[in-house]
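Biologist: Please take me close up to one part of this model. Then show me how that part sits in the whole chain.

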Amino acid sequence: MKIIQITDTHLMPPGMVVNGVDPEKQLRAAVADIIEKHSDADLGVMTGDLCNFGDPEAYTLLKDILAPVPFEMRLLLGNHDDRRNFRAAFSDHPVDDQGFIQSALDTPYGRLLFLDSHEPRTIGGMYGKDRLGWLENALEGAGEQPVTVFIHHPPMDCGIAHFEHIGMHDGGRLMQRLTAHPAGVRHIVFGHIHVLLAGTTAEGIAFSSGQACAHRFITDLDAPAPLWTGGHPCYRIVTLSKRGFHAFSVDVGEVPTAQAVICAGP
Ligand SMILES: [Fe+2]
């Protein structure tokens with residue numbers, strides 16, 4: 001199963017720049033590359049911060065950019081989004097019975113969970129009783145299937161100083177509940193941190209982030225106020241198969257410098 005992950009697109013009304021980067025230009029280039037090379041994907045997931053200020057015009061622009069994508073897209077909210085404006089623009093998108101942008105999808109390789117950690121006027125993530133009930137049912141429904149989780153905010157400490165106070169404000173409850181799923185968590189996929197990260201929790205659960213498609217940080221683990229930079233439009237190819245979970249990062253527009261030889265082995 002092939003899934004395309006795009007994250008932190010931070011769309012603005014057309015022509016506006018955020019931290020020196022034109023988010024519309026970035027996303028249009030990423031989507032064009034995805035359509036050209038991965039129209040066989042089974043699913044696309046955008047892991048939040050779809051729009052920079054959550055305004056209706058930016059969600060309309062997002063809808064326009066995604067219109068030619070030939071596979072289903074599941075969209076998650078980040079701290080920059082606005083749930084009401086998102087739902088107005090994407091009225092057909094799956095939501096839970098409380099109106100949170102949460103859903104599940106069963107695949108031959110386990111259940112995919114799409115979680116909503118957005119809380120208005122809060123930069124960090126929230127995942128409280130208002131949405132844990134839905135998760136409880138979704139995990140029970142998964143039964144003996146492992147789950148793969150998609151969420152905007154990393155539900156564990158990401159180890160970067162800038163995010164020390166804007167991580168998941170839940171005292172570790174979401175991770176505790178996921179860790180208790182008897183069939184296991186295959187991977188936790190997130191955005192929010194605007195750099196690539198891969199790791200495992202103390203309990204051994206694997207996680208990784210996608211690189212932001214819009215502005216990103218020059219990686220600095222210690223600076224409370226790190227520097228923004230631009231970069232290639234980007235996305236990840238995530239595969240779920242009998243071999244497990246794999247995620248491959250793609251930068252759009254790289255300039256080739258040479259061609260590799262064929263390596264026949266050994
Ligand atoms: Fe972001």
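Modeller: We start with the whole chain, move in on one helix and its sheet, and end with a few odd spots.

This is a predicted model; local features need pLDDT of at least 70, side-chain atom pairs count only at pLDDT 80 or more, and totals for chains, interfaces and linings use all residues. Residues are numbered from 1 along each chain as its sequence is written.

First, the overall view. The protein chain has five helices and 13 strands. Both kinds of element are DSSP runs, numbered from the N terminus: helices are H or I with at least four residues, strands are E with at least two. The radius of gyration of the protein chain is 18 Å, close to the 18 Å from the globule rule for 266 residues, so the chain is as compact as a globular protein of that length. That radius is taken over C-alpha atoms, and the rule is 2.2 Å times the number of residues to the power 0.38. The C-alpha trace spans about 55 × 50 × 40 Å along its principal axes.

Of the 266 residues, 40% are buried. Buried means that 20 or more other C-beta atoms lie within 10 Å of the residue's own; exposed means 12 or fewer, partly exposed is in between, and C-beta atoms are placed from the backbone. Now take the contacts with a separation of 6 or more: 72% of them join residues 24 or more positions apart. A contact needs C-beta atoms, placed from the backbone, within 7 Å.

Now the close look: helix α4, residues 129-142. Its 14 residues should span 20 Å at 1.5 Å a residue, and the end C-alpha atoms are 20 Å apart, which agrees. The expected span is 1.5 Å times one less than the number of residues.

Which residues of α4 are buried? They are Trp134, Leu135, Ala138, Leu139 and Ala142. These five cover an arc of only 135° around the axis, which puts them on the same side of α4. The arc is that of the directions from the helix axis to the C-beta atoms. The other side of α4 has exposed residues: Lys129, Gly133, Glu136, Glu140 and Gly141. Just after the helix, Gly143 takes a positive phi of about 55°.

What do the buried residues of α4 pack against? Their partners are β4 (103-107), β5 (110-114), β6 (147-150) and α5 (173-179).

Three of those names lead to a sheet. It is open, has six strands in the order β4-β5-β6-β7-β9-β8, and its pairing is mixed. The strands β4 and β8 (197-200) stand at the edges with a single partner strand each, so one side of each has no neighbour in the sheet. The twist averages 15° from one strand to the next. Axes here are lines fitted to C-alpha atoms, for helices over the stretch in contact, and angles run from 0 to 180 degrees between N-to-C directions.

Look inside that sheet. β6 and β7 pair in the parallel sense over four bridges. Two strands pair if DSSP finds at least two bridges between them. Val147 stands opposite Val185 in β7.

Stay on β7, which covers residues 185-190 and holds Ile188. Ile188 is buried because 26 other C-beta atoms lie within 10 Å. Not counting residues up to four places away in sequence, Ile188 touches Val149, Ile151, Pro155, Ile205 and Phe207.

Arg83 makes a contrast. Arg83 is found in helix α3, residues 83-89. With 17 C-beta neighbours inside 10 Å, Arg83 counts as partly exposed. Its contacts, leaving aside neighbours within four places in sequence, are Leu77, Ile101 and His118. From Arg83 to Ile188 is 105 residues in sequence and 22 Å in space, C-alpha to C-alpha.

Last, some odd spots. Phi of His192 is near 75°, a positive value in a residue other than glycine. His192 sits in the loop between β7 and β8, and it is buried, with 28 other C-beta atoms within 10 Å. Asp8 also has a positive phi, near 50°. Its place is the loop between β1 (2-6) and α1 (23-37). At the bond between Gly265 and Pro266 the peptide is cis, with omega about 5°. Pro266 lies in the segment after β13 (244-251).

Methods
Contact = placed C-beta atoms within 7 Å.
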